[in-house]
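Dear colleague,

Please find below the structure that I am handing over to you. My account of what was found in it follows directly after.

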Amino acid sequence: MHIHDPCVVTLIWRLEDAHGQLIDELPEPLDFFYGGEDLLAKVEEVLLGQHPGFTTTLHLEPEHAFGDYDANLVFFEERHLFPEIMETGMQFEGLPKGSITPNMPTDMLYTITEVYDSYVVLDGNHPLAGIALVLQLEVKDVREATAEEIEQRSVGDTGFSMISLAPPGTTLH
């Protein structure tokens, strides 16, 4: 079976930055919905029409991966707006109630990058924004998507997508 929209592809991969530093490795096959939100657009473009056994190495510039880094998405907020127990790397969806930074998107995922006594530094960039990536991947299997997967536009049981890769240094699997 060849990869088409919609279907489910089973992949393994190795993801590195442009300097060869390992970011993520997926050695055990995992299912992804092709034609939804599970894979980067450039990855789907390369996979279209391929079949099990296909291997490739993609060099992804930031605009084809997680976008350019935007310094305007880094800002400070008052420490008292956040839970008492906090640490670097914690993430919050949206801005905290009482936020005073103007014109920040309210529907983004923000990462705590620094915690001080009186303020917290938040970053709305994806952890891999601004980084050129090298992705070695192999298609292990291709199957028809179920009606439920097509409706969800995702393989619901994995809870994982390429789009949501964690920050460098975080074990994903």
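Helices and strands are taken here as DSSP runs, of at least four residues for a helix (H or I) and at least two for a strand (E), numbered from the N terminus. On that basis, Leu48 is found in the loop between helix H1 (41-47) and S3. Please bear in mind throughout that this is a predicted model.

Leu48 is a convenient place to begin. Apart from its neighbours within four places in sequence, Leu48 is in contact with Ile3, His4 and Tyr34. The C-alpha atoms of Leu48 and Asp5 are 8.1 Å apart in space, although 43 residues separate the two in sequence.

Overall architecture

The chain contains 2 helices and 8 strands. Their succession along the sequence is β-β-α-β-β-β-β-β-β-α. Measured out along its principal axes, the C-alpha trace spans about 55 × 40 × 25 Å. The chain has 173 residues, of which 39% count as buried. It exposes about 9,600 Å², and carbon and sulfur atoms supply 50% of this area. Among the contacts in the chain with a separation of 6 or more, 68% are between residues 24 or more positions apart.

The open sheet

How are the 4 strands of the open sheet ordered? The order is S2-S1-S8-S3, and the pairing is antiparallel. Strand S2 (22-34) and strand S3 (55-60) stand at the edges; each has a single partner strand, so one side of each is left without a neighbour in the sheet. Neighbouring strands of this sheet are turned by 25 degrees against each other on average, direction ignored.

Strand S1 (residues 7-17) and S2 run antiparallel and are joined by 9 bridges. Within this pairing, Thr10 has Asp31 in S2 as its bridge partner.

Salt bridges

A search of the whole structure finds 7 salt bridges. Several of them involve the strands just described.

Arg14 and Glu16 meet through their side chains in a salt bridge, at 2.6 Å from N to O. Arg14 counts as partly exposed, at 25% relative accessibility. Glu16, by contrast, is buried, because its relative accessible area of 14% falls under the 20% limit for that class.

Arg14 also forms a salt bridge with Glu25, where the closest N and O atoms are 3.6 Å apart. This pair links distant parts of the chain, with Glu25 in strand S2 and Arg14 in strand S1, 11 residues apart. Glu25 counts as partly exposed, at 36% relative accessibility.

Asp31, the bridge partner of Thr10, forms a salt bridge with Arg143, the closest N and O atoms being 3.9 Å apart. Since Asp31 lies in strand S2 and Arg143 in strand S8 (residues 133-143), the pair ties together parts that are 112 residues apart in sequence. Asp31 is partly exposed, with a relative accessible area of 23%, and Arg143 likewise counts as partly exposed, at 28% relative accessibility.

Which residues are joined into one network by salt bridges that share partners? They are Arg14, Glu16 and Glu25.

Aromatic pairs

The structure holds 5 aromatic pairs. One of them is formed by Phe75 and Tyr110, which is edge-to-face, with 5.4 Å from centre to centre and 90 degrees between the planes. The pair links distant parts of the chain: Phe75 belongs to strand S4 (residues 74-78) and Tyr110 to strand S6 (residues 109-115), 35 residues apart. Are these two rings carried by residues that are buried or exposed? Both Phe75 and Tyr110 are buried.

In addition, ring pairs link Phe76, Tyr116 and Tyr119 into a cluster.

Points to look at when you open the model

- The edge strands S2 and S3, each with a single partner strand.
- The salt-bridge network of Arg14, Glu16 and Glu25.
- The salt bridge between Asp31 and Arg143.
- The edge-to-face pair of Phe75 and Tyr110.
- The surroundings of Leu48, including its contact with Tyr34.

With kind regards

Conventions: Residues numbered from 1 in each chain as written. Predicted model: local features only at pLDDT ≥ 70, side-chain atom pairs only at ≥ 80, totals over all residues. Heavy atoms only, no water. Pairing = 2+ DSSP bridges. Axes fitted to C-alpha atoms, helices over the stretch in contact; angles between N-to-C directions. Phe/Tyr/Trp six-rings, centres within 6.5 Å; stacked < 30°, edge-to-face > 60°. Buried < 20%, exposed > 50% of the residue type's maximum accessible area, 1.4 Å probe, protein only. Contact = heavy atoms within 4.5 Å. Areas by Shrake-Rupley, 256 points an atom, 1.4 Å probe, with all protein chains shown as cover. Salt bridge = Lys/Arg side-chain N within 4 Å of Asp/Glu carboxyl O.
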